[in-house]
Amino acid sequence: MAETTPLRILVADDQQDIIDALRLLLLDEGYAVTAARSPAEALEQLEAADFDLAILDLNYTRDTTSGQEGFDLMERIRGLDPTLPVLVMTAWSSVAGAVEAMRRGARDYIEKPWDDDKLLAAVRTQIELRRAVRRSLRLQEANARLQRGSTPAFIGDTPAVREIRQTIERVAPSDASVLITGEHGTGKEVVAAWLHALSERRGKALITMNAGGLAEGIAESELFGHVKGAFTDARVDRIGCFEMADEGTLLLDEIANMPIRLQAKLLRVLQTGEVQRVGSSRLRYVNVRVISATNADLSSEIAAGRFREDLLYRLNTVVIHLPPLRDRRDDIPALARHFLSHYAARYRKPLVGLDADALTSMQSHVWPGNIRELAHSVERAVLMAEPTATSIAARHLGLQRARTGGDQASEELSLEDAERVFIEKVLARHNGDVRLAAEQLGMSRSALYRRLQHYGVRS
Ligand SMILES: Nc1ncnc2c1ncn2[C@@H]1O[C@H](COP(=O)(O)OP(=O)(O)OP(=O)(O)O)[C@@H](O)[C@H]1O
Ligand SMILES: [Mg+2]
């Protein structure tokens, strides 16, 4: 590979003869060498220009051999550029010094007096490794860009999730109606996206219609469209979700919230494949694969007279139930790493891992908001992390207070924190069922949603 500019190496040592010897050796190999006689000078050089590698002495004042100056310098360098490979030189045959240097992020160490070939080999290896790391970071970013706006990641390897993945693969190519159930934030929309992506319909649209919170008339025209003059606000013809999804997939989200009279019309369309825009008598034939999703228990909705049983039988040819996160805790580390790399890239932080206690607190959290809550918590931690930190600390996750152990005196909590802890406990008691929790808390479901959103449990 032809390099247009020579690779740049910084050499920091307080002894001029060492600098001279290294300079000669490295220049001979085609490297550009910059020398620094002290840690301060080294930092100045690193701030002024980009380097491909640094070779550092550990001791700068003749009478010290602790290596502390070198360790401090390494810490500062990691803050400036965590990917810069550092080779340290140890003047005495000190295993402890070398080990400590590696622990603090040095990639390799060289004993003085050095062997020219070994030193050059170490330099070449580290520069090549860094290139590979940068290449793979670039690739990851390109992949992430490609994926954005298309099929979202579906992480998980617990037996239940593996089975779900198999079901998705098996039923996606068919036109079978799939009902996806599960608590808030468990990934129902992710599953719908995969069902569409793995079907023959993938080249066509995946349209999502959310039945929640819409007045019946509006929901109807959302679904089926309307013609100009059908009602007061209908100034132009409007195409509905069914027609938009023609030859593609229609996701009926929060299906339990669909007004009961509209359920009858929906059922008819599913039986005949014909839609009628509101205000028009013309029948239009559509070829749509229907997927529906809900976090409600449809059989109790049926018992309560809020959902049509015959509609359920149209929708649930295949049922995919997503378990709550607390029942698939083994997936937490992989999910956490997934969101960590996602948000670290988005916020340009050098974070690459999670502290052990961060993982422990994630493992013991109840996660009433499931995967969405976990994503928010990792995003928060990424934002809160010190700019040079390479791993996430437990205190930044904002989870301690949500633990159900009751080990925290409520006097210590602000009113708001106390409310949050209480709400989370009630939610956990009802297995994340917002309707039941709202009932117990004596607030409306929408009021509870607003609180949850406020606390970042839901978005
Ligand atoms: N298995 C998974 N791997 C990675 N990310 C996931 C997974 N499941 C869900 N997510 C992410 O978690 C968030 C919530 O998922 P999604 O919106 O699909 O949940 P939902 O079940 O539809 O929730 P709600 O009932 O609140 O609408 C999204 O950001 C989604 O990308
Ligand atoms: Mg959803």
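Me: Where does Glu254 lie?
Reply: Glu254 sits in the loop between β10 (249–253) and α10. This is a predicted model, by the way.

Me: What makes Glu254 stand out by its phi?
Reply: Its sign. Most residues other than glycine have a negative phi. Glu254 is not a glycine, yet its phi is positive, about 50°.

Me: How do you know that the peptide bond joining Lys112 and Pro113 is cis?
Reply: From omega, which is about -5° for the bond between Lys112 and Pro113. Most peptide bonds are trans. As for the setting, Pro113 belongs to the loop between β5 (108–111) and α5 (116–147).

Me: Back to α10, then. Why are α8 and α10 called roughly parallel?
Reply: Helix α8 (residues 216–224) packs on helix α10 (residues 260–272) at about 15°, and the axes are 10 Å apart. Anything under 35 degrees counts as roughly parallel, and α8 and α10 are therefore given that label. Their crossing is right-handed.

Me: Which residues make the contact of α8 and α10?
Reply: On α8 they are Glu216, Ala219, Glu220, Leu223 and Phe224, and on α10 they are Arg261, Leu262, Lys265, Leu266 and Val269. Sorted by class, the contact of α8 with α10 has six nonpolar and four charged residues, with no polar ones.

Me: What makes α13 oblique to α14?
Reply: Helix α13 (residues 332–346) and helix α14 (residues 356–364) have axes that come within 10 Å and cross at roughly 120°. The perpendicular range runs from 65 to 115, and roughly antiparallel needs an angle over 145. An angle of roughly 120° fits neither label, so α13 is oblique to α14. The crossing of α13 and α14 is right-handed.

Me: Which residues of α13 and α14 make the contact?
Reply: Ile332, Pro333 and Ala336 come from α13, while Leu359, Met362 and Gln363 come from α14. By class, the contact of α13 with α14 has five nonpolar residues, one polar and no charged.

Me: Why are α13 and α15 called oblique to each other?
Reply: The axes of α13 and helix α15 (residues 370–384) come within 9 Å and cross at roughly 45°. Roughly parallel needs an angle under 35 degrees, and roughly perpendicular starts at 65. With an angle between those limits, α13 and α15 are therefore oblique. Here α13 passes α15 in a right-handed crossing.

Me: Which residues in α13 meet α15?
Reply: Ile332, Leu335, Ala336, Phe339, Leu340, Tyr343, Ala344 and Arg346. Their partners in α15 are Ile371, Leu374, Ala375, Val378, Glu379 and Val382. The contact of α13 with α15 divides into twelve nonpolar and two charged residues, with no polar ones.

Me: On to ligand 1. Which residues around ligand 1 come nearest?
Reply: Ile155, His184, Gly185, Lys188 and Arg372 do, out of 16 residues around ligand 1.

Me: How do you know that a backbone N or O atom of Ile155 makes a polar contact with ligand 1?
Reply: A backbone N or O atom of Ile155 lies 2.7 Å from a nitrogen atom of ligand 1. The cut-off is 3.5 Å between N or O atoms, so the Ile155 pair counts. For Ala153, a backbone N or O atom lies 3.4 Å from a nitrogen atom of ligand 1, and this pair is also within 3.5 Å. Gly187 has a backbone N or O atom 3.1 Å from an oxygen atom of ligand 1, which satisfies the cut-off as well.

Notes. Residues numbered from 1 in each chain as written. Chains lettered and ligands numbered in written order. Predicted model: local features only at pLDDT ≥ 70, side-chain atom pairs only at ≥ 80, totals over all residues. Heavy atoms only, no water. Axes fitted to C-alpha atoms, helices over the stretch in contact; angles between N-to-C directions. Helix = DSSP H or I, 4+ residues; strand = E, 2+ residues; numbered from the N terminus. Left-handed = near helix turned anticlockwise from the far one by under 90°. Contact = heavy atoms within 4.5 Å. Nonpolar A, V, L, I, M, F, W, Y, C, P; charged D, E, K, R; others polar. Near = heavy atom within 4 Å. Polar contact = N/O pair within 3.5 Å; in protein donor to acceptor, adjacent residues only side chain to side chain.
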